[in-house]
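Let's work through some charged pairs together. Have the side chains in view, and try each task before you read its solution.

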Amino acid sequence: MMKWIPVALALLLGACSSTPQKTYYQLPALAAPAQVSATTASRQLWLEHVSVADYLAQNGVVYQTNDVQYVIGQNNLWASPLDQQLQQSLVTNLSNALPGWLVSSQPMNSDQDVLNVTITGFHGRYDGKAIIRGEWVLKHQDRVVKRPFNLELTQQEDGYDALVRALATGWQQEAQAIAAQAGRL
């Protein structure tokens, strides 16, 4: 009888431990895209590509723990690839910011403006900031505009939910900056 006590104790302790629950995040849709047809659009914008740095292309939400260390979440994961979420969100945000324009992630014709975005930072930081860094290149006819961006937004609360919301807000702000430039071309 005594020899079964260690086995029972091991089973009991094993039942008490659990693996951490995985949580999946999607950038929130802040607004539905405006409806515009190709025939009524005053201009067309093709969002050709949104690329992310290799460390951001992983499934995990990234968090910077100090000035030189980054952690890629094992249990806090993107629900779909980050580059796809950023592209879909940017199409929606630009469609809303550019009324009368047709904004698409698919090529439309040879007379369209073309936008490419490279993301080098899209993560949380140890000081409670959400970091969004990169550059975009906008081509309109024979003109090309290249702009870097570096946003640092303060999270309203602690935790990954607040981080993802802050990142989405910053991404919407950058969409507004791109739209303002596109409208001036």
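**Exercise 1: a pair across two strands**

Task: which residue does Lys146 pair with in a salt bridge, and where do the two partners lie?

Solution. Start with the contact: Lys146 forms a salt bridge with Glu135, and their closest N and O atoms are 3.7 Å apart. A salt bridge here is a side-chain nitrogen of Lys or Arg within 4 Å of a carboxyl oxygen of Asp or Glu. Next, place the partners: Lys146 is in strand β8 and Glu135 in strand β7, 11 residues apart. Strands are DSSP runs (E, at least two residues), numbered from the N terminus. Finally, check accessibility: Lys146 is exposed at 54%, while Glu135 is partly exposed at 28%. The cut-offs for relative accessible area are under 20% for buried, over 50% for exposed and partly exposed in between (1.4 Å probe, protein chains only).

A note on the source: this is a predicted model, where local features need pLDDT of at least 70, side-chain atom pairs count only at pLDDT 80 or more, and totals for chains, interfaces and linings use all residues. Residues are numbered from 1 along each chain as its sequence is written, and side-chain values use heavy atoms, leaving out hydrogens and water.

**Exercise 2: buried or exposed?**

Task: find the salt-bridge partner of Asp127, then classify Arg125 as buried or exposed.

Solution. Asp127 bridges to Arg125, with closest N and O atoms 2.8 Å apart. Arg125 is buried at 12%, whereas Asp127 is partly exposed at 39%.

Key. Helices (H or I, at least four residues) and strands (E, at least two) are DSSP runs, numbered from the N terminus.
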